[in-house]
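Welcome! Take a look at the sequence and the structure below, then work through the exercises at your own pace.

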Amino acid sequence: MERKEFLRSLGAGAAFALTFPCLQGCSKDEPAGNIVEEPTGVDFTVDLTSQEAQPLATNGGFILKNLVVIVKNLEGEYIAASQVCSHQAYDQVRFVNQNGGIFYCDVHGSRFAQNGSPLNQVDNSPAKPIKVYNTELNGSILRIFE
């Protein structure tokens, strides 16, 4: 059965009800990621010898854990920042090796320095810093905490 025949057999209302969610899901206007709340009470560790921490073996590598971006910056220092963008709370903040290393949210193009301060304004709204957490290295265990 052809698609047109199938849709005609369903009737306009049923066809709309069945196809609308699919058409919405295929929209290019939908940003990637989820809107979430910034984590609070952050205090966890990462074993740098573990499989999950392998990207942190090289400068510029990062991992995502507990809504935190953990980075070994281009100078070899560990930095941790909120994965939640201060612009509209999408969980898409990542570390990119541009301009000496910055945090970047690709939903609306927000950019942040390694200390969390905003590097640009988005949609003419006042830019706010993203949260940067403390890091403490003890042997191969990296602690990330507030």
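**Exercise 1.** Find the average pLDDT of the chain and the share of residues that score at least 70.

*Solution.* Start with the term: pLDDT is the predictor's confidence in each residue, on a scale from 0 to 100. The chain averages 84, and 77% of the residues score at least 70. Next, look at residues 12-28, where pLDDT stays under 50. For this stretch the model has 5 contacts (heavy atoms within 4.5 Å) beyond four places in sequence.

Keep the ground rules in mind: this is a predicted model, in which local features need pLDDT of at least 70 and side-chain atom pairs count only at pLDDT 80 or more, while totals for chains, interfaces and linings use all residues. Residues are numbered from 1 along each chain as its sequence is written, and side-chain values use heavy atoms, with hydrogens and water left out.

**Exercise 2.** Work out which residues are linked with Arg143 in a network of salt bridges.

*Solution.* First, the rule: a salt bridge is a side-chain nitrogen of Lys or Arg within 4 Å of a carboxyl oxygen of Asp or Glu. The count by this rule is 4.

Step one: aspartate 43 pairs with arginine 143 at 2.9 Å, N to O. Since aspartate 43 sits in strand 1 (residues 43-47) and arginine 143 in strand 9 (residues 141-145), the bridge ties together parts that are 100 residues apart in sequence. Strands here are DSSP runs of E with at least two residues, and helices are runs of H or I with at least four, numbered from the N terminus.

Step two: arginine 143 also meets glutamate 136, at 3.9 Å, N to O.

Step three: put the pairs together, and Asp43, Glu136 and Arg143 form a linked network.

**Exercise 3.** Decide whether each member of that network is buried, partly exposed or exposed.

*Solution.* Use relative accessible area: buried is under 20%, exposed is over 50%, and partly exposed is in between (1.4 Å probe, protein chains only). Aspartate 43 has 47%, so aspartate 43 is partly exposed. Arginine 143, with 27%, is partly exposed. Glutamate 136, with 42%, is partly exposed.

**Exercise 4.** Locate the partner of lysine 65 in a salt bridge.

*Solution.* The partner is glutamate 52, at 3.3 Å, N to O. Lysine 65 belongs to strand 2 (residues 62-65) and glutamate 52 to the loop between strand 1 and strand 2, so this pair ties together parts 13 residues apart in sequence. Glutamate 52 is partly exposed, at 40%.
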